[in-house]
Amino acid sequence: MKIPFVSFLPLEKELDKELRDAFERVYTRSWYIEGEEDKAFEKAFAEYCGVKYAVGSGNGLDALMLALKALGIKEGDEVIVPSNTYIATALAVTYVGATPVLVEPDIKTFNINPALIEEKITSKTKAIMPVHLYGQACDMDPIMEIAKKHDLYVVEDCAQAHGATYKGRKVGTFGDAAGFSFYPGKNLGALGDAGATITNNEALADMVRALGNYGSDYKYHHIYKGNNSRLDELQAAFLSAKLPILDKVNEDRRRIANAYSAGIKNAKVILPYVKEECVPVWHIYAVRCDARDELEKYLKDLGIGTNKHYPIPMHLQECYKDLGLKEGDLPIAEEISRTELSLPLYYGMTDEQIQFVIDSINNF
């Protein structure tokens, strides 16, 4: 049985008419940037998240970078980020001239360990950027307490966690701002690159919008040295077609993840841990295995697609040599990079496909 790591076909088949209608609306209107589709999606997404404002951008990295820039994070500043995350989190910090300071995760949840944050805070620290990795919320209460104690901003990286909750509250609503990615593979994905920054702060939202529009608050009037990062009309229209069934998509992902968690019984494989106060949306179902590479090949030979998130930890990437970190300095991130394997999980997976993955792993 061939099972891809991800497939968009079930969702796109279900929304075929809505997506084609979205294209036709934009094409017929002949308005492609900063139009009615953008406004409608921003309003709907803000309401979905439970905040006052959403500002579209070109991608999730820019959504984070623009939030940091709007908060005044600049050269000479430091921002706390998890050592175990996709590199975009750190790049957002780098792009505003600041330095990412890496804090180890809880190896059970993969998310930043709040107990390790304070020891990394210096006089240069200006913000904490928790990442709700793989679709499970970070432990936000202690993070917010630390931020309040040290007068720090909090910018949540929600790129993988659309709709995830912590103590009944959606991620992205705890900090000063949050960034989302709508890369096609995300739980809410465009048909290209797209992102959004959300916040309850009107002045911050206005500044993010201006910064993403060449620093302009109105045409040919530039108040900041800005960027070009706007959510185009076509992607906004596609996202508006998908947003109404996001909760349904997330529930289906929980169905698959719950089946994996109940069915996989192999002592060599460590299953994901879910904190009681969290309701994850399972962007990724990440297991750990000391024989990860052997398991990966075994599943590939059976026709089961997998992925590794992320095989080279951020501090050992060539581009971040300037952080002065070497192998062994962040052992938890390194252990996760060495052992993590992501199983197939996408909307519309059949029970037969799920069971084949379970049986295959149990026979490893």
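**Aromatic pairs**

Start with the rings of this predicted model. It holds twelve aromatic pairs. Select F23 and Y27 for a stacked one: the centres are 5.5 Å apart, with 10 degrees between the planes. Both residues belong to helix α2, residues 16-29. They are four residues apart there, so about one helical turn separates them. An α-helix has 3.6 residues a turn, so residues three or four places apart point the same way. Colour by accessibility and F23 comes out as partly exposed, at 36%.

Next, select W282 and Y285. This aromatic pair is tilted, with 35 degrees between the planes and 5.2 Å centre to centre. Buried or exposed, W282? W282 is buried, at 7% relative accessible area. Y285 is buried too, at 0%.

**An aromatic cluster and two lysines**

Now show F41, F45, Y48, F180 and F182 together. These five residues form one aromatic cluster. Keep Y48 in view and add K170. The charged end of K170 sits over the ring of Y48, 4.3 Å from the ring centre.

For another lysine over a ring, go to K108. Which ring lies under K108? The ring is that of Y273, and K108 lies over its face at 4.1 Å from the centre.

**The largest nonpolar core**

Return to F41, F45 and F182, and add I117. These four have the most contacts inside the largest nonpolar core, which has 43 residues. In soluble globular proteins, nonpolar side chains tend to be buried together.

Select the contributing elements one by one. Helices α3 (36-49), α6 (140-150) and α8 (233-242) each supply at least two residues of this core. So do strands β3 (99-103), β8 (177-181) and β9 (195-199). Which element gives the most? Helix α3 does, with five residues.

Centre on I117. Leaving aside residues up to four places away in sequence, I117 touches I80, V103, I112, I128, I143 and I146. Apart from this core lies another, of 33 residues. Select L64, L91, V208 and Y320 to find it; they are among its members.

**Helix α8**

Display α8 next. Eight of its ten residues are buried, so the helix is largely enclosed by the rest of the structure. The buried residues are E233, Q235, A236, A237, F238, L239, A241 and K242. Note that E233 and K242 are on that list.

What do the buried residues of α8 pack against? Show α1 (9-14), α2, α3 and α9 (246-263): these are their partners. Then zoom in on the start of α8. A side-chain oxygen of D232 reaches to within 3.1 Å of the backbone nitrogen of L234.

**S342 and its surroundings**

Move to strand β15, residues 340-343, and pick S342. S342 is buried, with a relative accessible area of 0%. Its side chain makes a polar contact with the side chain of E340, at 2.6 Å.

Show the residues around S342. Not counting residues up to four places away in sequence, S342 touches F5, I284, Y285, A286, T306, N307 and H309. Y285 is familiar from the tilted pair with W282.

**Backbone stops**

H309 leads to the next stop. The peptide bond from H309 to Y310 is cis, with omega near 5 degrees. Y310 lies in the loop between α10 (292-301) and α11 (331-339).

Then check phi at Y134. Y134 is not a glycine, yet its phi is positive, about 60 degrees. Where is Y134? Y134 lies in the loop between β4 (125-128) and α6. Y134 is buried, with a relative accessible area of 4%.

K167 is another stop for phi. K167 has a positive phi of about 55 degrees, although it is not a glycine. Find K167 in the loop between β6 (165-166) and β7 (169-170). K170, the lysine over Y48, is in view here as well.

**Last stop: E202**

Finish in helix α7, residues 202-211, with E202 selected. E202 is partly exposed, at 47% relative accessible area. How far apart in space are E202 and A190? Draw the C-alpha to C-alpha distance: it is 26 Å, with the two positions twelve residues apart in sequence numbering.

Key: Residues numbered from 1 in each chain as written. Predicted model: local features only at pLDDT ≥ 70, side-chain atom pairs only at ≥ 80, totals over all residues. Heavy atoms only, no water. Phe/Tyr/Trp six-rings, centres within 6.5 Å; stacked < 30°, edge-to-face > 60°. Buried < 20%, exposed > 50% of the residue type's maximum accessible area, 1.4 Å probe, protein only. Lys NZ or Arg CZ within 6 Å of the ring centre and 35° of its normal. Polar contact = N/O pair within 3.5 Å; in protein donor to acceptor, adjacent residues only side chain to side chain. Contact = heavy atoms within 4.5 Å. Core = buried A, V, L, I, M, F, W, Y, C linked by side-chain atoms within 4.5 Å.
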